[in-house]
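Here is a quick tour for anyone opening this structure for the first time. Have a look around, and then we'll start from the inside and work outwards.

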Amino acid sequence: MPVFRRVRGMRDFLPEEAQIMKYVEGKARRVAQLYGYGEIITPVLESYELLAAKAGEEVRSRMYAFKDLGGRRVALRPEFTASVARLVATTLRNEPKPLRMFSVGSLYRYDEPQQGRFREFWQSNYELMGSSKPEADAEIIMLTNNLMKAAGLKNCVFRVGHVGVLRRILSQEKVEDKVQNRIMQLMDKKEYDDALELVEATGVSEKCLMALQKLVKVKGNKFSEVLNEMEELVEDYESAVDAVRNLREVLELVSESGERIDMMVEAGFARGLEYYTGMIFEPYVPEMNIALGGGGRYDKLIELFGGEPTPAVGVAHGIDRIMLAMQKQKATLKTKEEKTVAVIPIKEKLKGEALKISRMLRDADILVEVEVMGRKVAKALEDADRRKIDYAIIVGEREMREGAVVVRNLGEREQKTVKIERIVGQIKGQN
Ligand code: AMP
């Protein structure tokens, strides 16, 4: 027999890790509810054309794409936004705005696996469609911070920028969109020298080159000062000045909300996905130099998918990476403590009674594992102890004749005989 292995980059979650993943997912869902985002569930498989339409070369070249048996060109989704855009351009076309939508699930990219980078990974994704106002951008930043806090993460820093600053300068200098995309991709990888070389090769003005050279170095955590500096550098490019002002409005609103967020504003900050048009951001924790999420404004996307022109802002959080950050910061899960019970019949013929007692406890919402290995009581108890089960209920003939069982507190190593009708109260600590 061959030894079957997991496909490279795919993930298995054993119970402990799965619990953390579902915990984060639960927090993400709660944040969605707190902000009025309705959950939508879209397919893992979409048409290749849809997913390739605006993903950006980086993501496009790494898709799991294939033909299905009907000869359709399909791919596993590398992001949620294309599916949401498809819905907004079709089924939800006439829905009143704003539309707030939340999704969570797995995505697939043929990335090189490394710390915090997998080929199968999970995101929580929020999209706010229909508003071009800075308060919508502020909401997306705030809800991201809410999720980081809910996951128990500390000292988050948000990298913040605005793709409009660089793009609008380049557009005014008549640099084609395609070339702009390549420049932005290099900037995303912090390969600023290569990016500037490419800008120079397009034949832009000396003034533009000078401004960009200075701009990519502008960053700081006092947003007002950084934005003043940016505004001065781009003063000859009117629409780029508007971009800086828009970012200022967004950050002022976040600040006025009272949500305390440490920010690092960077003029040369870009994101790999091509569709961003405005504010962009990424949350980080100091222990890891990879982003825990990414978001921003993309006002042209819905149109590109054939929908009505719809301004939009959104964010995707990397759940795998949030889990890594929680591990590094030793964040603890705040879950409800629930008592667990093992039910062990002493004899074969008491199996039915054991099942009956188990059922009764579960009807009372108690977590029960019933003995299914046919082991002797001592062995079964040893196993329950090893697995940190709180109580064992030993179903014996003598006690059953009196309508009772032995309830053993495995932590305290104490046991007593309890009438069946009183087990629930005993375990829930009511008597
Ligand atoms: P993007 O969809 O590229 O904007 O990514 C948003 C977030 O998803 C990133 O900040 C990461 O947290 C997460 N992410 C993206 N790609 C991967 C991957 N290959 N493995 C794990 N997480 C990822």
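## Starting in the middle

This is a predicted model, and a good place to begin is strand 11. Five of the five residues of strand 11 are buried, so the rest of the structure largely encloses it. Which residues cover its two sides? Gly293, Gly295 and Arg297 lie on one face, with Gly294 and Gly296 on the other, and all of them are buried. That two-sided pattern fits a simple rule: in a regular strand, side chains alternate between the two faces of the sheet.

Strand 11 has a partner on either hand. With strand 12 it pairs in the antiparallel sense over five bridges, and Gly294 has Ala316 as its bridge partner there. With strand 10 it is joined by two bridges, again antiparallel, where Phe281 is matched with Gly295.

## The sheet around it

Zoom out a little and you'll find an open sheet of nine strands with mixed pairing, in the order 1-5-6-12-11-10-7-9-8. Its edges are strand 1 (38-39) and strand 8 (219-220), each of which pairs on one side only.

Over on one part of the sheet, strand 5 (residues 99-108) and strand 6 (residues 120-129) run antiparallel and are joined by 10 bridges. Within that pair, Ser103 stands opposite Asn125 of strand 6.

Now follow Phe281 across to strand 7. Strand 7 and strand 10 pair in the antiparallel sense over six bridges, and Val160 has Phe281 as its bridge partner in strand 10. Val160 also has a bridge partner in strand 9, namely Val265; here strand 7 and strand 9 pair in the parallel sense over four bridges. Strand 7 is mostly covered too, with five of its six residues buried.

## Helices on the sheet

Two helices are worth finding next. Helix 5 (residues 134-150) packs on the sheet and touches several strands, including strand 7 (157-162), strand 10 (279-284), strand 11 (293-297) and strand 12 (312-318). Its direction makes about 15° with that of strand 12. Helix 11 (residues 238-257) lies across strand 7, strand 9 (262-266) and strand 10, and it runs at about 150° to strand 7.

Then there's helix 13 (residues 319-328): eight of its 10 residues are buried, so the rest of the structure largely encloses this helix. Which residues are they? Ile319, Asp320, Arg321, Ile322, Met323, Leu324, Ala325 and Met326. These buried residues pack against helix 1 (15-35), strand 5, strand 6, helix 5 and strand 12. Just after helix 13 comes Lys330, which takes a positive phi of about 55°.

## The whole protein

Step right back and the count is 17 helices and 17 strands. The protein is divided into domain 1 (15-329) and domain 2 (340-427), and 53 Å separate the centres of the two domains.

How does the overall spread look? The C-alpha trace spans about 95 × 55 × 45 Å along its principal axes. The radius of gyration is 28 Å, whereas a compact globule of 431 residues would have one near 22 Å.

Buried residues make up 53% of the 431 residues. The accessible surface comes to about 22,300 Å², and carbon and sulfur atoms account for 48% of that. Among contacts between residues at least 6 apart in sequence, 67% join residues at least 24 apart.

Conventions. Residues are numbered from 1 along each chain as its sequence is written. This is a predicted model: local features need pLDDT of at least 70, side-chain atom pairs count only at pLDDT 80 or more; totals for chains, interfaces and linings use all residues. Side-chain values use heavy atoms; hydrogens and water are left out. Domain bounds come from an automatic or database domain assignment. Two strands pair if DSSP finds at least two bridges between them. Contact means heavy atoms within 4.5 Å. Axes are lines fitted to C-alpha atoms, for helices over the stretch in contact, and angles run from 0 to 180 degrees between N-to-C directions. The radius of gyration is taken over C-alpha atoms; the globule rule is 2.2 Å times the number of residues to the power 0.38. Buried means under 20% relative accessible area, exposed over 50%, partly exposed in between (1.4 Å probe, protein chains only). Accessible areas come from the Shrake-Rupley method with a 1.4 Å probe; for residues, only the protein chains shown count as cover.
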